[in-house]
Amino acid sequence: MTDGTAARSAAGAPPAAELRGITKRFGPVLAVDGVDLVLERGTVHAVVGENGAGKSTLMSVLYGLHRPDAGQVLRDGREVRLSSPLDAIAAGLGMVHQNFRLFGSLTVAENVVYRAEPARFGLVDRSAAERRVEELSARIGLDVDPTARVDTLPLGVRQRVEILKALHRQAEVLILDEPTAVLTPGEVDSLFVVVRRMAEQGTTVALVTHKVREVLEATDRVTVLRDGVVTARLTTAQTTAGEVVEAMIGRGLVPAVNPRGAVSGEPVLEVSGVRMPAAPGASRVQDVSLRVSPGEVVGIAGVSGNGQRELVEAVVGLRTAQAGTVRLRGRDLAGLGVRERRGLGIAYVPEDRPGVGTAAALSVADNLALGHHRTPPIGRRGRLSPRAVRAQAADLVRRLGVKTAGVAVPLSSLSGGNAQKVVLARELHHEAALLVVEQPTQGVDVGAGEEIHRLLLDYRARGGAVLLVSYEISELRALADRVLVMLDGAVTAELDAADATEEVLGAAMVHGGGAHAAGTTTGGGAAR
Amino acid sequence: MSALAQRLRLGAPAALVPLGAVAVAALVGALVMLAAGVDPLRGYDAMFRGALSVSNIDFAVAGFTAILAMSLAFAIPARMGEYNLGGDGQLVAGGIAAAAVALYLPGPAVLLLPACVLAGALAGGALASVSAPLSTRAGVPVIISTLLLSTPMVALASYLVRFPLAEEGSPVPQTPRLPDAAHLPAFPGMSYTNVGLVLVLAVLLVTVYVDARTPVGYEIRVAGANRGFAAYGGLSVPRLTLGTLAAAGAVAGLAGAVIVMSQPFRFIDDALTAPGYTFAGVAAALLAGGRPALLPVTAALFTILSVGAAGMERDVDVPRQLGQVLQAVVILVLALRVLAARWMAARARRAAGGRA
Amino acid sequence: MDVLNLAFVAAVLTSAAPVLYAALGGALCGRAGVFNIALEGQLLCGAFAAVAVSWWSGSPWLGVLAAVVSTAVFSFVLAVGAVAWRADPIIVAVGMNLLALGLTGFIMREALDATGTFAPAGLQGLPDLDAIDGVPVLGAVLGRATVLVPVAVVLAVALSLWLARTSVGLRLRGVGEHPEAATSLGVPVTRYQMATVVVAGALCGLGGAQLSLGTVTAFTENMTAGRGWVAVAAVMLAVNRPLWVLGACLLFGAAEAWGFRLQGIGLPQQLTDAAPYLVTLVVLVLSRIRVRRRLSAADPLAAENAAHPEAVIHPEETR
């Protein structure tokens, strides 16, 4: 509280937005505990913390998505009560969510003016709407075609549409929630230019992120959260990456603790010259080659949407490569489907857990049986033993410590971390030669994340080969023996674990090969 | 007893909803009868007698056979989330195929009976199978393609029975009476109830077994719960779709064959579709939910509704369409079962005081 | 102009009109994000109410009004069940279709004392557009049709413009495409969807009235005979776009009119009756294959769900 008062008197005018003593709990979990946050007019303010630190909850309170259990929200020094995002919009707040809320089949102009249309006699004045978009874009230095259909645009441009939407509604305070997660390196740079431009014109920007590099590059002030409380308030110009990181994770960066496994024998997986063309909704893959040996974890680093998903789908048999070969223990997999490939020894933990990795409506036991249902003890000579399904499930649940009310309850009753353990339990139980894993700790709390990492390393220790796709550098450092960096569908760098420092990896993900001291980055909770 | 309840997954709320649906339908029926100036007690009495009295039970069991088969024809693909509403076409395809075989393929009963039944099942199965690639390759929902294929099939059968297969000089569009060798053996003392019932019950048993005790049954449930999950696990969604639809069409075709191979032993235009077996079966399958073992119970209920409705029309002059109305009400109330589920979930959440 | 060809155009329009009304209603629902396969039952409801009220009142126009009102009221079942209470729209619609079939048959027996077909001598159908008989071309095309036929065509164009140009149309498109986004901007999604379902019901009422007081002057049990399902197919084919719906329905109408012609030269009616349904299905399959391919290229796993009703409403979206 004192901090807020001090800031106000220093600036002379009240801050554009202020949160005072915000507390919010979800059931037994205290997400945010008495947090103060001051957003001075015309500044770019970083709200930093690891996953689960409380920064999203805090911003949801500011945008009216959550009612705080205690505390006040102030706009221009006056208290406002925000019971929905509509109140927030009316109070001059705007938010760009991680998952964009855009209408794909509508044009840019239609998206921007939606529900706030320039209209005559109930007819939308299209040219006025388009002029408005052009005018707003020009003001902050954007180049957006108002007549383009949104679903034809790349993600970076869609994000600009979200920003224009907020500006059209006269937002003076704009919250950007992890805005760079979906962007290509070039788009990140131009986003920061736009953010700077908006701040110069008096818009206040709250930039929510867990990437230290972005904090240093793009902001004026920093508020660091850890475990729901503020651990530091810093001025960007006077701070260092180390200081921010220490406030985020409570200690300095530690070197990766990942003793290399004993790599031996012929490669389990050999991918050579795989190519796939770009398609609407799918990235291209350009001439990717890689090999994974027994007892080795090979990591694929890169910003999401640089061809990782397409590459993985070509390995597991969900997608057909245009050119190139995929070999498993020397055998060419061309023409084989998912079932055959799984039979030859591929297990797979997919990124999309609710859509692909599990069936929410089925029981935990049924979720654990997929792929094991035609082999003993569950399946035998065309029969399936429900008893064996339950027994196997009970055994796996116990061994991996899945917290569930039983194996007959629907999977939807499990938390994200436990659902992920179910997926991992099922796939590890194959004891396949190759395990393909995408984002194993996404949406998983820190404790479960650590257990999942341990399980993967145990699997490697037993001689398993792992192909790991992750967007979190800390996770790659914790698990991988070698790291390949993908950018625009091509492998642009290949690093040994020892060389794969966060600086080098971060730079390669953004600029392609070669080291570029762009600053320090830290990943999510996995590092803890 | 409790073991049986558990096996049928008859937990308290799970059983309450179907029973509630039937109760609401009965109430609506009573109101409709009151509006029509009929004492509901007399109406329902007439309905039950229309189906279950000694003189009607023979005919009612034949209706039950058809409705049970049609409930399977809906329930089997529904297990993987596909709605087969083209039962009429499949039923008619089976009937006309069985009739054609019986009329053109002379032989002893021991050969002709299985040939006719098989022809019916094949024809129904073939028609339903068309919808599988339309769904998995072209993305046309099964619910739409089955219906759009049904109307032309009924029209085609209507044509066949008027021209190539018609009985000369008959005022009604119908085939000649099938040869004796193609008559399904009736139960002693019965004229409508015959071996067809045994065949359909056998199909039911196989379905229950496959559903609960085989890898294929498991795969069908997985595909019904999440197609992406199924494909990720290496299951062939197209093959499962084809299999369930072919099986469903085959059961419907079997029902058609059984009908034409029973009294009066001919394919009569409209006779297969007019009683509304298809939608009585749909209603029965929806009422049974995901529990194939309950199908005989729900099919019996809808048999009383549809066969009994004719008796009700005769005795107390309430139009037989009331049966259809009651079926519709049961379906609508069942559709609202999500409300009960949501209400219970909300209560559980409140009780637990968990997170929002 | 060849009078014979103009007569053919007239036949096409008359055959297409009832399906067109229903399909426009279905397209509106699709735009609002509601999967409406109750069109068959709604058409039947309208057809019956039109005949019943025209018979009792002696005025076909009151019959049309009754068809519109009663079908709109009937649509509340879908609006409340599937939209407000979020029950499975498919099961609700199956129930509604059966309910319409049963109720119309029941009331016909009970109140009109008829079975099978109701076509008494005094039943007033909608008048033809005799006034324009003399107008060249137009007279030949529409002179034998009711006013509901040209209105259906005009409506398709009007709805297309309304969706594209008006504020409410824009908001409706947003509601169906991304309800959460629309909600976050302050559009009451449930109210929009319910209103759309009821308006669609009113349109089906017009379609039903055209069927039972225009195309013929009679009500027959189950007289829609799958036309509501053809409308559903037309909606899918057109991906909810009213002008494409018009095209799809004209195709159906052409198949039916052509069938009548073939009957004229001796082909059995039963075979020509089947043609429109098969034509509709074939065209639908051809159009969907393309969508399915594109989905598959973007995301093979999501494409497995391409035939799911949700995916059918929003074929553009992947996952």
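Guide: Two strands pair if DSSP finds at least two bridges between them. Helices (H or I, at least four residues) and strands (E, at least two) are DSSP runs, numbered from the N terminus. The model is predicted: local features need pLDDT of at least 70 and side-chain atom pairs pLDDT 80 or more, while totals for chains, interfaces and linings use all residues. Residues are numbered from 1 along each chain as its sequence is written, and chains are lettered from A and ligands numbered from 1 in the order in which they are written.

Visitor: Which residue of β2(A) stands opposite Ala17(A)?

Guide: Strand β1 of chain A covers residues 17-26 and pairs with β2(A) in the antiparallel sense, over 7 bridges. Ala17(A) lies in that range of β1(A). Its opposite number in β2(A) is Leu39(A).

Visitor: Which strands stand at the edges of the sheet β2-β1-β4-β5 in chain A, and by what angle are neighbouring strands turned on average?

Guide: This open sheet has 4 strands with antiparallel pairing. β2 (29-39) and β5 (78-80) of chain A each have a single partner strand, so one side of each lacks a neighbour in the sheet. These are the edge strands, β2(A) and β5(A). With direction ignored, the average turn between neighbouring strands is 30°.

Visitor: At about what angle does helix α2 of chain A run to β1(A)?

Guide: Helix α2 (residues 55-62) lies across β1, β2 and β4 (70-75) of chain A. Axes are lines fitted to C-alpha atoms, for helices over the stretch in contact, and angles run from 0 to 180 degrees between N-to-C directions. Two residues are in contact if their C-beta atoms, placed from the backbone, lie within 7 Å. The angle to β1(A) is about 120°.

Visitor: What are the edge strands of the sheet β14-β13-β16-β17 in chain A?

Guide: The sheet is open, with 4 strands in antiparallel pairing. An edge strand here pairs on one side only, which holds for β14 (285-292) and β17 (331-332) of chain A. The names are therefore β14(A) and β17(A).

Visitor: Which residue of β14(A) does Met276(A) face?

Guide: Strand β13 (residues 269-276) of chain A joins β14(A) over 5 bridges in the antiparallel sense. Opposite Met276(A) in β14(A) stands Val285(A).

Visitor: At about what angle does helix α10 of chain A run to β13(A)?

Guide: Helix α10 of chain A spans residues 308-316. It lies across β13, β14 and β16 (323-328) of chain A. Its angle to β13(A) is about 125°.

Visitor: How many of the 6 residues of strand β15 in chain A are buried?

Guide: A residue is buried if 20 or more other C-beta atoms lie within 10 Å of its own, exposed if 12 or fewer, and partly exposed in between, with C-beta atoms placed from the backbone. In a regular strand the side chains alternate between the two faces of the sheet. Glu296(A), Val298(A) and Ile300(A) point one way from β15(A), Val297(A), Gly299(A) and Ala301(A) the other way, and all are buried. For β15 (residues 296-301) of chain A, the count is 6 of 6.

Visitor: Which residue of β23(A) is the bridge partner of Ile300(A)?

Guide: β15(A) pairs in the parallel sense with β22 (residues 465-469) of chain A over 5 bridges, where Val298(A) stands opposite Leu467(A). A further 4 bridges join β15(A) to β23 (residues 482-487) of chain A, also parallel. The partner of Ile300(A) there is Leu484(A).

Visitor: Which residue of β21(A) is the bridge partner of Ile346(A)?

Guide: Ile346(A) and Tyr348(A) on one side of β18 (residues 346-349) of chain A, and Ala347(A) and Val349(A) on the other, are all buried. β18(A) runs parallel to β21 (residues 434-438) of chain A, with 4 bridges. The partner of Ile346(A) is Leu434(A).

Visitor: What radius of gyration does chain B have?

Guide: Chain B has 16 helices and 0 strands. The radius is taken over C-alpha atoms, and the globule rule is 2.2 Å times the number of residues to the power 0.38. For 356 residues a compact globule would be near 21 Å, which agrees with chain B at 21 Å.

Visitor: How far apart are the end C-alpha atoms of α3(C)?

Guide: The expected span of a helix is 1.5 Å times one less than its number of residues. For the 25 residues of α3(C) that gives 36 Å, and this agrees with the end-to-end distance of 34 Å.
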